[in-house]
Amino acid sequence: MRKQILACLLTAFGLGWGPSAASGQETVRIGLIVPLTGGQASTGKQLDNAVKLYMRQHGDVVAGKKIEVIVRDDGAIPDNTKRIAQELIVNDKVQIIAGFGITPAALAAAPLATQAKIPEIVMLAGASIVTERSPYIVRTSFTLAQSAVIIGDWAAKNGIRKVATLTSDYAPGNDALQFFKARFTAAGGEIVEEVKVPLMNPDFAPFLQRMKDAKPDAMFVFVPGGQGGNFMKQYSERGLDKSGIRIIGPGDVMDDDLLNDMGDAALGTVTAHMYSAAHPSPVNERFVTGYRKAFNSRPGFVAVGGYDGIHLVYEALKKTGGKTDGDLLIAAMKGMAWESPRGPISIDPETRDIVQNIYIRKVERVKGELYNVEFETFKDVKDAGKSQK
Ligand code: PHB
């Protein structure tokens with residue numbers, strides 16, 4: 001009898017033996033917080049799909065631990081992200097949080113990762129500042145500075161003199177603008193118009209008219225993944241494609257996920273980015289084929305951030321022998337290098353940010369589909385936003 005009471009008490013306080021405690025120890029819980037509703041839903045879908053694909057390909061047991069992913073929709077609203085992260089950590093006892101569809105969402109979760117001392121794997125956010133907000137953040141997406149610097153140099157070297165800019169009015173858009181402008185104007189280029197559009201459900205039409213009136217050689221555009229389709233529709237409707245104002249920018253606007261629906265208006269667009277579905281490598285071919293087969297759609301750069309994010313978790317767990325202590329996992333992730341569908345990548349051990357190739361690409365029709373075809377590679381690019389400090 002006394003033994004039974006003791007067992008009951010221990011179990012009640014989570015200290016007991018028996019099946020529930022044992023299975024709890026054998027499971028690694030990951031809270032995947034992504035936007036599955038609202039304007040950024042297509043990016044949340046890509047992240048969720050990519051994690052599922054990776055787990056189907058690699059199984060759900062790592063270093064003897066079963067991996068359980070709990071998917072939650074934050075609608076890309078930072079207050080939701082924060083509340084959901086809190087619930088996942090406190091109620092569901094997740095040992096890792098991951099996902100995020102926009103910078104403000106990744107930032108909202110940062111203090112909670114710090115407090116709980118658990119890794120926060122940022123699969124999609126592009127403002128440089130993100131990894132500085134918690135020592136437990138590791139990023140597998142990209143920064144806007146990485147590609148804006150490269151397209152700024154490219155534009156100046158390729159006969160573009162006057163540029164009008166259109167960027168989403170929040171941190172990554174401001175990073176893209178600042179880094180592009182610095183490089184392009186230092187090389188003699190001129191900015192003739194600058195507009196910022198709201199992040200949520202933007203109507204581009206009035207801004208596009210201003211772009212047209214400024215008569216630039218090219219328009220530098222940053223909108224987050226998921227918004228490129230709507231942007232290009234309005235660009236064509238306003239006749240900007242016919243007026244000879246070409247689009248340049250980071251590759252977010254030419255998201256492979258939406259590119260096929262953009263039609264001929266997208267042809268010839270040159271952007272700098274870290275991933276193209278046309279990247280010629282066996283690793284990417286397997287990724288694209290697997291994704292298409294599983295979800296009947298083409299993966300874009302967002303999906304790659306998710307695929308690499310879960311890979312990072314798997315490899316870190318292998319290194320710690322299945323231990324889930326946050327500090328051990330972060331230490332294991334620092335400096336990790338592997339071949340992603342995008343090409344070779346690594347985690348900078350100093351900043352916990354991603355180091356990767358940035359490619360310059362041009363939209364072409366290949367075998368009946370539109371692709372961003374890579375034609376120049378900049379190797380092992382770090383975030384330019386960090387070296388400033
Ligand atoms: C961001 O919010 O940081 C973000 C989201 C989607 C992108 C780029 C940046 O394509």
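How many Å should the 20 residues of helix 12 span at 1.5 Å a residue? The expected span is 28 Å, taken as 1.5 Å times one less than the number of residues. The end C-alpha atoms of helix 12 are 29 Å apart, which agrees. The model is predicted: local features need pLDDT of at least 70, side-chain atom pairs count only at pLDDT 80 or more, and totals for chains, interfaces and linings use all residues. Residues are numbered from 1 along each chain as its sequence is written, and side-chain values use heavy atoms, without hydrogens and water.

Helices are DSSP runs (H or I, at least four residues), as are strands (E, at least two), numbered from the N terminus. Of the 20 residues of helix 12, 17 are buried, so the helix is largely enclosed by the rest of the structure. Buried means under 20% relative accessible area, exposed over 50%, and partly exposed in between (1.4 Å probe, protein chains only). G321 follows helix 12 and has a positive phi, near 65 degrees.

The largest nonpolar core has 98 residues. Such a core is a set of buried Ala, Val, Leu, Ile, Met, Phe, Trp, Tyr and Cys residues joined through side-chain atoms within 4.5 Å. Its largest share, eleven residues, comes from helix 12 (residues 301-320).

The structure holds 18 salt bridges (a side-chain nitrogen of Lys or Arg within 4 Å of a carboxyl oxygen of Asp or Glu). D308 and R342 meet in one of them, at 2.7 Å, N to O. D308 lies in helix 12, and R342 in the loop between strand 12 (337-340) and strand 13 (343-347), 34 residues apart. D308 is buried, at 1% relative accessibility. R342 is also buried, with a relative accessible area of 1%.
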